[in-house]
Amino acid sequence: MALDDFLNDPEADAELRAGTQKRPKVTQEEHKRYVQDRMFEIVNSLVSSHSQTPDGEHQKVVDKIRQLSVAYEPEDISVLGTRLSPYVYNGLFLSALIQNLNPSIRTTTIDVTKMPELHYFGYKLNRNVVVKGNLGDRTAERMESGMLIVDGNCKGIVGPFMKGGVVDVKGTIRDVGAVRYGGTITFKSNLRNYYSFVSIEDVRKTLEHEQQYPLGQVASQIRSGSPVSLHTEFKRMLHPKLVQLICEYNIGIYQRELSTLSGEYNGLIEQNEGLERSHRDNVGRYKIAKGLTATGVAGIFAPPLLLNLLMGGFLMSDASKRIKDAEDKLKLLEGQLHSYKSRIEETQQLIQEARRFY
């Protein structure tokens, strides 16, 4: 049976939804794939014939959804989002699909962390939606009712021309819509001028009066010139641009520290090499002195050989002392070199972690 035939076969459809032990005419996996492909086709057709206004796009997607002959679930919307290419109205499309879900679904949760940046998410929304991840610009534009919870940041403005409902952003927004007719917007922090941030000083000034952990700690560490302790909370509470500036600030500190450590480490290596040369020379002198002493012992009653014995003994004693001093210093240097090498590796690791963080 072809999938199109299946969709028009009430008996097969009922059998599939009932979860019967009998082998259905198509599997649930095939059915889901078919539904998701149909949704993907609709979005692609909208992208290829896009309108110039969000309202025009919204009306087109609503009309298309009404023509959709398959029932879909929140999971299908999440899968669809990961298949999309970057497009300005992707967020509008996904929230329109959420809007058309079965009314019995009281709250829809969608994970957008693996999706392209979503602008216009929540356009004319009147449902309860939880978004895990960051949204783009013009979130909740013309929102009518319901609740939109964003467990992340909103890159741009939130709630322009909003009529009702509640938007709760757990992280950062750029600003609220200039024109709003109702509704409530809450957020962790408002970074309306993040586009102008070009240095770590901009971050410090923005967070100057923040007391809440970890933002207060960020400002304090920047003021003291210390590297900022990176927390996963940053990615939820701060805009990615600010996270990048903080990481670049840390990297600058670590690279200066690495340069100092490397210079001191190279100085210790040179000192170590000099001591090793001196140690080899003293070992050579010791062997020569030992030979003189042996000659003096062999002819102890002959005055010239007696002189060899005395001279050799003096040289052996001096060389032995120098050898011991060099060995003590070499042992001390070995510990210092090991310590410096460990610190250099740790600093290099901190640089890599800061780069990976953003």
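Is aspartate 168 buried or exposed at its relative accessibility of 18%? In this predicted model, aspartate 168 counts as buried at that value, where buried denotes under 20% relative accessible area, exposed over 50%, and partly exposed the range in between, computed with a 1.4 Å probe on protein chains only. Because the structure is a predicted model, local features were accepted only at pLDDT of at least 70 and side-chain atom pairs only at pLDDT 80 or more, while totals for chains, interfaces and linings use all residues. Residues are numbered from 1 along each chain as its sequence is written, and side-chain values rest on heavy atoms, with hydrogens and water left out.

Side chains of opposite charge can pair when their charged atoms come close. Eleven salt bridges are found in a search of the whole structure, a salt bridge being a side-chain nitrogen of Lys or Arg within 4 Å of a carboxyl oxygen of Asp or Glu. In one of them, aspartate 168 meets lysine 170 at 2.8 Å, N to O, and lysine 170, at 31% relative accessibility, counts as partly exposed. Lys32, Glu73, Glu75 and Asp76 are joined into one network by salt bridges that share partners.

Two further salt bridges involve helix 4 (residues 54-67), with helices (H or I, at least four residues) and strands (E, at least two) taken as DSSP runs numbered from the N terminus. Glutamate 57 is bridged to lysine 60, with 3.7 Å between the closest N and O atoms, and the two are separated by about one helical turn because they stand three residues apart in helix 4. Glutamate 57 is buried at a relative accessible area of 0%, whereas lysine 60 is partly exposed at 23%. Aspartate 63 and arginine 66 form a salt bridge at 3.6 Å, N to O, and they too are three residues apart in helix 4, so that about one helical turn separates them. Of this second pair, aspartate 63 is partly exposed at 31% and arginine 66 is exposed at 63%. An α-helix has 3.6 residues a turn, so residues three or four places apart point the same way.

The largest nonpolar core comprises 47 residues, and those with the most contacts inside it are Tyr72, Ile77, Leu94, Ile110, Phe121, Leu148 and Val167; such a core is a set of buried Ala, Val, Leu, Ile, Met, Phe, Trp, Tyr and Cys residues joined through side-chain atoms within 4.5 Å. At least two residues of this core come from each of helix 3, helix 4, helix 5, helix 6, strand 2 (128-132), strand 3 (147-151) and strand 5 (166-173), and helix 3 gives the most, with seven residues. Apart from this core lies another, of 16 residues, which includes Leu207, Cys247, Ile253 and Phe357.

In helix 5 (residues 74-83), the residues Asp76, Ile77, Ser78, Leu80 and Gly81 are buried, and the buried residues of this helix pack against helix 3 (28-48), helix 6 (90-99) and strand 1 (107-111). Within strand 1, threonine 108 is buried at a relative accessible area of 2%. When neighbours within four places in sequence are set aside, threonine 108 is in contact (heavy atoms within 4.5 Å) with Pro74, Ile98, Leu101, Arg127, Asn128, Val129 and Val130. With the same exclusion, valine 167 is in contact with Ala140, Met143, Leu148, Val158, Met162, Thr184, Ile185 and Thr186.

Alanine 140 lies in the loop between strand 2 and strand 3 and has a positive phi of about 60 degrees although it is not a glycine; at 0% relative accessibility, this alanine 140 counts as buried. Arginine 138, found in the loop between strand 2 and strand 3, has a positive phi of about 55 degrees, again without being a glycine, but arginine 138 is partly exposed at 23%.

Four aromatic pairs are present, where rings of Phe, Tyr and Trp (its six-membered ring) pair if their centres lie within 6.5 Å, and planes under 30 degrees apart count as stacked, over 60 as edge-to-face and the rest as tilted. Tyrosine 87 and phenylalanine 93 form a stacked pair, at 6.0 Å centre to centre and 20 degrees between the planes, and both residues are buried. Ring pairs link Tyr87, Tyr89, Phe93, Tyr120 and Tyr123 into a cluster.
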